[in-house]
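Welcome, and thanks for taking a look at this one with me. Below is a short tour of side-chain pairings, ring contacts, cores and strands.

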Amino acid sequence: MTQHTAPTRRTVAKGALLAAAATLLGPAASASASGRAGAGAPAPTALRLPGPTGPHPVGLRTFALTDTSRNDPWEPALGVREVMISVLYPARTVRDHPRAPQLTPSEAREFAGLAPMVRPGLPAAGVDWGAVLTHGHVDAPALPGRRPVLVYSPGGGDSRTLGTTLAEDLASHGRIVVLVDHPGDASQVELPGGMRWTVLRGNPDPATFRTMIDTRVADIRFVLDRLGSLPLAPVMDLRRIGVYGHSAGGTAAVHALATDDRLAAGVNLEGYLDLDPDLLEGLDRPLLMFRTDGFEGAARIAHSWAGVPARRVALAGSNHWVFGDYAFLVPRLQAAGLVTAAARAALIGPADPAAAVHAVRRGTRSFFARHL
């Protein structure tokens, strides 16, 4: 169930957004958004995500939030800033509560066209993205007790649900995890008033990257403002809040950690830290940072992390997108003949991702357990 915690004011028609997506992302996006599919195509490949490792089943609730105090930087005509969040939490029971799909049907149709442009190397056809199920059970009753809260910001161009497996694992071990979507940046986000598509084309220029990070930090702070008014607030311990993020989300997480006293600790999953070095120079809160050995931006990562007080972990045989659900999806796509070995290496690295996934899961859990 999606709860609308504030009225939305969409002043841009879906048709205009569709035209913008076609202009920015090419004919594949337009074909996806209009629902066209080739006749006589083979049955699409179905994908699965692994279950969490903790003792608790996981509940899931989704909320639409509207910030009337600021405008959307990507679509100024909206007049407000809208975000979507998913909250994962330990559940008391999941009986009669179905597992949620990773993407809504509409989002899955959009992502089918956007995937190879957002993440080069992913297939343009042959995947049933709408059939991917999470292990979060919709509207399951929460396990009683107040628990630490973790806020997640995804990689640039990613939707929040591509960080599902790490979030579910954290929730199954007793955390409340809030996945934040950043509309206009994310590949696609289904909001109550319609679909939003990414404005990104390739790597962002410095001005676009600055807008991305400033917007993401403002989104995180806004979500923090609203946590206490959510129906799940009674099971949240708002005195113990952490933040983590991947890539641009890692950058935003560290910036939020440095500027918001409500955040006690953070994890950066291979995000650059050269945007505001003076801001991070005096960072006095616990920070854990993961990096891979295959990322093309490794030199910039090393330079931008120099001098930042944090514990560092390197993942061998891995690449930048191993931190999200691509770690599980890409090997299955390769096995089905839909992703090449070269594309796999460029996305998640050539090695079996199990060791990297285990290191990130265990390291993130233990870090937040120690500091929250």
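Where is the place of Glu-270? Glu-270 sits in the loop between β11 and α7. Before going further, a word on the ground rules: this is a predicted model, in which local features need pLDDT of at least 70 and side-chain atom pairs count only at pLDDT 80 or more, while totals for chains, interfaces and linings use all residues. Residues are numbered from 1 along each chain as its sequence is written, and side-chain values use heavy atoms, with hydrogens and water left out. Helices (H or I, at least four residues) and strands (E, at least two) are DSSP runs, numbered from the N terminus.

**Two backbone angles**

Glu-270 has a positive phi, near 60 degrees, in a residue other than glycine. At 2% relative accessibility, Glu-270 is buried; here buried means under 20% relative accessible area, exposed means over 50%, and partly exposed lies in between (1.4 Å probe, protein chains only). Asp-139, also not a glycine, has a positive phi of about 60 degrees. Asp-139 belongs to the loop between β5 (133-138) and β6 (147-153), and with a relative accessible area of 25% it is partly exposed.

**Salt bridges**

Side chains of opposite charge can pair when their charged atoms come close. Counting a salt bridge as a side-chain nitrogen of Lys or Arg within 4 Å of a carboxyl oxygen of Asp or Glu, the structure holds 22 of them. Here are three, with their closest N and O distances.

| Arg residue | Acidic residue | Closest N and O atoms |
|---|---|---|
| Arg-210 | Asp-276 | 3.0 Å |
| Arg-239 | Asp-237 | 3.1 Å |
| Arg-285 | Asp-261 | 3.1 Å |

Asp-276 lies in the loop between β11 (265-269) and α7 (277-281) and Arg-210 in helix α5 (residues 206-226), so this salt bridge ties together parts that are 66 residues apart in sequence. Both ends are partly exposed: Asp-276 has a relative accessible area of 22% and Arg-210 has 27%.

In the pair of Arg-239 and Asp-237, Arg-239 is exposed at 71% relative accessibility, whereas Asp-237 is buried at 5%.

For the pair of Arg-285 and Asp-261, Arg-285 is buried at 16% and Asp-261 is exposed at 71%.

There is also a network of salt bridges that links Asp-67, Arg-70, Asp-72, Glu-75, Arg-81, Arg-196 and Asp-219.

**Rings and charges**

A pair of aromatic rings is described by the distance of the centres and the angle of the planes. Rings of Phe, Tyr and Trp (its six-membered ring) pair if their centres lie within 6.5 Å; planes under 30 degrees apart count as stacked, over 60 as edge-to-face and the rest as tilted. A search of the whole structure finds six aromatic pairs. In one of them, the centres of Tyr-152 and Tyr-244 are 4.8 Å apart with planes at 40 degrees, so the pair is tilted. Tyr-152 lies in strand β6 and Tyr-244 in strand β10 (residues 236-246), so the two rings tie together parts that are 92 residues apart in sequence. Tyr-152 is buried at 4%, and Tyr-244 is buried at 0%. Ring pairs join Tyr-152, Tyr-244, Phe-367 and Phe-368 into a cluster.

A charge sits over a ring if NZ of Lys or CZ of Arg is within 6 Å of the ring centre and within 35 degrees of the ring normal. Arg-119 lies over the face of Trp-321, at 3.5 Å from the ring centre, and the charged end of Arg-300 sits over the ring of Tyr-272, 3.7 Å from its centre.

**Cores**

What about the nonpolar cores, meaning sets of buried Ala, Val, Leu, Ile, Met, Phe, Trp, Tyr and Cys residues joined through side-chain atoms within 4.5 Å? The largest has 50 residues, and Trp-129, Tyr-244 and Phe-290 have the most contacts inside it. Helix α9 (residues 326-335) gives the largest share of this core, six residues. Apart from it lies another core, of 49 residues, among them Leu-232, Ala-258, Leu-275 and Met-289.

**Strand β2**

All 10 of the 10 residues of strand β2 (residues 58-67) are buried, so the strand is largely enclosed by the rest of the structure. Strands pair if DSSP finds at least two bridges between them. Three bridges join β2 to β5, which run parallel, and Val-58 stands opposite Gly-136 in β5. With strand β3 (residues 81-90), β2 runs antiparallel, joined by 10 bridges; there, Gly-59 stands opposite Tyr-89.
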